Amino acid sequence: MTSSDCQPQLQQPYRRETWQTLLPQLLPGVELFAQPQNFPLTSERELAIATARRQFGAATLADGKRIAFYEIEVAPGIQLLSNRVGLRNLIARCIDEVSAHAVLAFFVQPGLNSYRLTYAAKESTLNVETRETATRRFTYILGPSESCRTAAQRFAGLPAAAKLSDLTDAFSVEKLNKEFFADFCRSFDLVSKEIRKHHAKWSDAEVECEAQTILDRLVFLYFVQRKGWLNRQRDYLFRHFREQHASKAGHTYFQQFLRPLFVKLSTEGSQADIPGHDLPFLNGGLFNDEYGDDQSDEA
């Protein structure tokens, strides 16, 4: 399976049937239950966070390690998209290193299209005495409002004879950070070249400063966007990029969309409002226009 095949499926609202088809294509030794097995919620804390917990299958990986597939219905009012530790605790005790060395858990919530896919693993080592490593917690947010590009690339890159270490790598935050910085450097070069086209009189220092500023702003806005603060859309930036690209009006995303957005985010009052967009005032100077009229209309 390629990442382009996988990504559209990850961008759909959660359906167990979709994953029952997808998991055998990603992992070896998948066994799907005819009927999900309920695991009762026992403590007050668990009952406050979830309404149901059930296992719908498992897989025996190439190294003999077992991974169990769980589906957890999250209670209304719980912040599914930001609550990591509390949700992970619902599945930590399901890892006994006999029937399951790891868990893939799908956290879903009624009325919310996005869902959380969390990987947790536990290993023990024997050296005079048994020492248990800390539980590893890695997670992706999937669904219609997410790009799911990284998750699709990671899942598609799993080998046919996947081991537990391969699955750990697919969720590894450390690898994600390395990929992010590599992508950032490539984007910096591309943005710098584009700026030079439209500002031939600018020095290299000015070009690089402007490229860094634009990318810093976008990185910050992606954080703000994931909080739902940009028009209550977690795909706000890409959604409007797609609209600008489809309009075939030229390279207008920066001038027609990003610059008015920056003005709005740095201006208190209604004079900079963008009709139909629910946007905050962020202040702090990050979005101030340092160049003003020096900016080219073609940028």
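Rings of Phe, Tyr and Trp, the last taken by its six-membered ring, are paired when their centres lie within 6.5 Å. In this predicted model, Tyr14, Trp19, Phe56, Phe69, Phe106, Tyr115, Tyr119, Tyr140, Phe155 and Phe171 form one aromatic cluster, and the count of aromatic pairs comes to 17. The points below begin with pairs from that cluster and then turn to a cavity, a strand and some backbone angles.

**Aromatic pairs**

- Trp19 and Phe155 form an edge-to-face pair, with 6.5 Å from centre to centre and 80° between the planes. Because Trp19 belongs to helix α2 and Phe155 to helix α5 (residues 149-156), this pair ties together parts that are 136 residues apart in sequence.
- Trp19 counts as buried, at 2% relative accessibility, and Phe155 likewise counts as buried, at 4% relative accessibility.
- Phe155 also pairs with Tyr140: the ring centres are 5.7 Å apart and the planes stand at 90°, so this pair is edge-to-face. Tyr140 lies in strand β8 (residues 136-142) and Phe155 in helix α5, so the contact ties together parts that are 15 residues apart in sequence.
- Tyr140 is buried, as is Phe155.

**Charge over a ring**

- The charged end of Arg217 sits over the ring of Phe262, at 4.8 Å from the centre of that ring.

**Cavities**

- Rolling a probe the size of a water molecule over the atoms shows where empty space is left. For this structure, a search of the whole model finds two cavities of 30 Å³ or more, and the second largest of them has a volume of about 60 Å³.
- The second largest cavity is lined by Trp19, Leu23, Leu26, Leu27, Leu104, Leu117, Phe155, Leu158, Leu167 and Phe171. Trp19, Phe155 and Phe171 are thus named in this lining and are also members of the aromatic cluster.
- Helix α2 (residues 16-26) gives the largest share of that lining, with three residues.
- By residue class, the lining of the second largest cavity divides into ten nonpolar residues, with no polar and no charged ones.

**Strand β5 and its partner**

- Strand β5 (residues 115-121) is mostly covered, with seven of its seven residues buried.
- In a regular strand the side chains alternate between the two faces of the sheet. In β5 both faces are covered, since Tyr115, Leu117, Tyr119 and Ala121 on one side and Arg116, Thr118 and Ala120 on the other are all buried.
- Strand β4 (residues 102-108) is joined to β5 by six bridges, and the two strands run antiparallel. Ala105 has Thr118 as its bridge partner in β5.
- The hairpin of β4 and β5 has six residues between the strands, and in this hairpin Gly111 takes a positive phi near 85°.

**Positive phi outside glycine**

- Most residues other than glycine have a negative phi, and most peptide bonds are trans.
- Cys148, a residue other than glycine, has a positive phi near 60°. Cys148 is found in the loop between β8 and α5, and with a relative accessible area of 6% it is buried.
- Asn231 is not a glycine either, yet its phi is positive, at about 55°. Asn231 has its place in the loop between α8 (204-226) and α9 (236-246), and at 15% relative accessibility this residue counts as buried, the cut-off for that class being under 20%.

Notes. Residues are numbered from 1 along each chain as its sequence is written. This is a predicted model: local features need pLDDT of at least 70, side-chain atom pairs count only at pLDDT 80 or more; totals for chains, interfaces and linings use all residues. Side-chain values use heavy atoms; hydrogens and water are left out. On a 1 Å grid over the protein atoms alone, a cavity is a set of points where a 1.4 Å probe fits but cannot get out, and a pocket is an open set with protein on both sides within 12 Å along at least five of seven lines; lining residues have an atom within 4 Å of a point. Grid points are joined across faces, edges and corners, and a volume is the space filled by probe spheres set on the points. Helices (H or I, at least four residues) and strands (E, at least two) are DSSP runs, numbered from the N terminus. Ala, Val, Leu, Ile, Met, Phe, Trp, Tyr, Cys and Pro count as nonpolar, Asp, Glu, Lys and Arg as charged, and the others, Gly among them, as polar. Rings of Phe, Tyr and Trp (its six-membered ring) pair if their centres lie within 6.5 Å; planes under 30 degrees apart count as stacked, over 60 as edge-to-face and the rest as tilted. Buried means under 20% relative accessible area, exposed over 50%, partly exposed in between (1.4 Å probe, protein chains only). A charge sits over a ring if NZ of Lys or CZ of Arg is within 6 Å of the ring centre and within 35 degrees of the ring normal. Two strands pair if DSSP finds at least two bridges between them.
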